[in-house]
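User: I'd like to go through the contact calls on this model and see how each one is justified. Could you take my questions in turn?

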There are 2 protein chains.
Amino acid sequence: MGISERKERDKLEMRKNIIDAAMHMFTHEGYENASIRKIADKIEYSPATIYLYYKDKDELLYDVQAECFKKLVTIFKKDASAAEPFTRLGQIFDTYVKFGLNNPEMYDLMFIMKSPMNNLDDKEIWKNGNEAFEHVVTCVQECIDHQLIKFDNVWLGAFSVWGMAHGLISLDIRCRIKVMHMDESQILDAIHASIATYLNHIKK
Amino acid sequence: MGISERKERDKLEMRKNIIDAAMHMFTHEGYENASIRKIADKIEYSPATIYLYYKDKDELLYDVQAECFKKLVTIFKKDASAAEPFTRLGQIFDTYVKFGLNNPEMYDLMFIMKSPMNNLDDKEIWKNGNEAFEHVVTCVQECIDHQLIKFDNVWLGAFSVWGMAHGLISLDIRCRIKVMHMDESQILDAIHASIATYLNHIKK
DNA sequence: TGGATTTGCTAAACACTGTTTAGTAAATTT
DNA sequence: AAATTTACTAAACAGTGTTTAGCAAATCCA
């Protein structure tokens, strides 16, 4: 009997429906305005229905986050594909920064907001972020193998690179760069200059 | 007549009262549980009273943030006071990281949360953060003057240093380091190792 | 086919949140 | 002593995430 299979499909379709609505709400109206009620409105169901498919808002946001990471990984594959490892490291940096600045709401959900991480067990690995991070790890590993950067520990290298990029982006997104007398384009220049300088500093 | 002066004092005292209660609530129960109602409860006034002294929650949090920065600057003066600039740069780094990891709620309010920055005009400078940042700037300037680091632009140097430190701390505070198979003490080691490595890389 | 049961969904409520309004009692001024 | 200003609050408004009770429609079993 294919009924239970169809129901399984329906269930997944409904979840997809909810995720899409949430994602749209999120990127077009901002997180503040993406309430369960409004998401429910968008898909023309009652708010309570969402709780039949998701235990709470955090669980839903975790799935939306997964969607965001799919986009980032796709962009990584497209725009950071140079064969030469150090060149690719630079591309990864640029792609990451561009993604963050062009999609602040997504970046927020992926790397800044508390919410979708609340449900994650302390020991559990963060599946959503893992694939994207592996891109960095692989690249850093190749750089080390070819003696292109001043790191010998992969994790340390990948973590440092990520840390620098995230620091710059998140300070900007959360409006903390106002300690300097800079307008928007100057800030952008500063971010890119910082990254270029950093790459220079770790280059062997 | 000293009456209006006393009233001015009373007004300031009340604001101090509110700030202290908010700060306590914030650091002891976390931001999520620091509602206007609970802060009002703590100082034994009605919630509406707080709105006689602050236009909204953001404005209050901005003052609490100021208090947090006072603490950071005090610690900077105490624990990052080496005369030798590059040594001091390392101390600033360590102090900053230690402060962030020991006071995640304060760090959140100072550098991650959207809230207290909402009221700030786009062109307005961020007074709260400025003094602390000037510590970094001064130190980086001295490092450049003595040709101790591979930077020639002060702002770029200070911004990069800050970006790296902030990136590592905020990824940790917001539970994003779960991409690596690490327990808490390993993460701490990774953060310190990243900073030590970074300092090594920018050292001339 | 027809009655029992399960499924999918929702209206309404609960317990919160930040914020505003209308009104009151006390302090101050005239 | 009367008028006015000040300091404060109870109650409401509009919103939030979430739960509960109940209702039709689809499905299952006789």
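Analyst: Sure, this is a predicted model, and we can take the DNA strands, the two chains and the domains of chain A one after another.

User: Let's start with the DNA. What makes a residue count as near DNA strand D, and how many residues surround that strand?

Analyst: The cut-off is a heavy atom within 4 Å of the strand. By that rule 19 residues surround DNA strand D, and the closest are A:Arg37, A:Tyr51, A:Lys57, B:Thr49 and B:Tyr53. On the DNA side, sugar and phosphate account for 58% of the strand D atoms that come within 4 Å of the protein.

User: Why is A:Tyr51 called a polar contact of DNA strand D?

Analyst: The call needs a pair of N or O atoms within 3.5 Å. A polar side-chain atom of A:Tyr51 lies 2.5 Å from a phosphate oxygen of DNA strand D, so the pair qualifies under that limit. A:Lys57 gets there in the same manner, with a polar side-chain atom 2.8 Å from a phosphate oxygen of DNA strand D.

User: And what about B:Tyr45, how far is its polar side-chain atom from a phosphate oxygen of DNA strand D?

Analyst: That distance is 3.5 Å. The cut-off is also 3.5 Å, so B:Tyr45 sits right at the limit.

User: Which elements supply the surface near DNA strand D?

Analyst: Helix H1 (3–29), helix H2 (36–42) and helix H3 (47–53) of chain A, along with helix H3 (47–53) of chain B, each give at least two residues. The largest share, 4 residues, comes from H3(B). Sorted by type, the surface near DNA strand D has 8 nonpolar, 3 polar and 8 charged residues.

User: Now the other strand. Which residues are closest to DNA strand C?

Analyst: Those are A:Ser46, A:Thr49, A:Tyr53, B:Arg37 and B:Tyr51, out of 19 residues that surround DNA strand C. Of the strand C atoms within 4 Å of the protein, 60% belong to sugar or phosphate and the rest to bases. H3(A) gives the most to this surface, with 4 residues.

User: How do you know which part of DNA strand C B:Arg37 reaches?

Analyst: Look at the partner atom: a polar side-chain atom of B:Arg37 lies 2.6 Å from a base nitrogen of DNA strand C. With A:Thr49 the partner is a phosphate oxygen, 2.4 Å from an N or O atom in the side chain. A:Ser46 uses a backbone N or O atom, 2.8 Å from a phosphate oxygen of DNA strand C. The limit is 3.5 Å, so A:Ser46 passes as a polar contact too.

User: On to the protein chains. What does the buried area between chain B and chain A come to?

Analyst: About 4300 Å², with 67% of it on carbon and sulfur atoms. In chain B, B:Phe159, B:Arg176 and B:Lys178 lose the most area to chain A, together 19% of what that side buries. In terms of contacts, 50 residues of chain B touch 50 residues of chain A.

User: Why is the pair A:Lys178 and B:Asp122 called a salt bridge?

Analyst: The rule wants a Lys or Arg side-chain nitrogen within 4 Å of an Asp or Glu carboxyl oxygen. A:Lys178 and B:Asp122 meet at 4.0 Å, N to O, so the pair is accepted at the cut-off itself. The rule finds 3 salt bridges across this interface, plus 20 residue pairs in polar contact. H8(B) gives the most to the chain B side, with 12 residues.

User: Last one: what makes A:Arg15 and A:Asp63 a salt bridge between the domains of chain A?

Analyst: Their side chains meet at 3.4 Å, N to O. The limit is 4 Å, so the pair counts. Chain A is divided into domain 1 (1–54) and domain 2 (57–202), and the rule finds 1 salt bridge across the interface between them. That interface also has 4 residue pairs in polar contact. H1, H2 and H3 of chain A each supply at least two residues of the domain 1 side, and H1(A) gives the most, with 7 residues. The domain 1 side divides into 12 nonpolar, 3 polar and 1 charged.

Terms used: Residues are numbered from 1 along each chain as its sequence is written. Chains are lettered from A and ligands numbered from 1 in the order in which they are written. This is a predicted model: local features need pLDDT of at least 70, side-chain atom pairs count only at pLDDT 80 or more; totals for chains, interfaces and linings use all residues. Side-chain values use heavy atoms; hydrogens and water are left out. A polar contact is a pair of N or O atoms within 3.5 Å; within protein, one must be able to donate a hydrogen and the other to accept it, and residues adjacent in sequence count only if both atoms are side-chain atoms. Ala, Val, Leu, Ile, Met, Phe, Trp, Tyr, Cys and Pro count as nonpolar, Asp, Glu, Lys and Arg as charged, and the others, Gly among them, as polar. Contact means heavy atoms within 4.5 Å. Buried area is the accessible area (1.4 Å probe) that two parts lose on being put together, summed over both. Domain bounds come from an automatic or database domain assignment.
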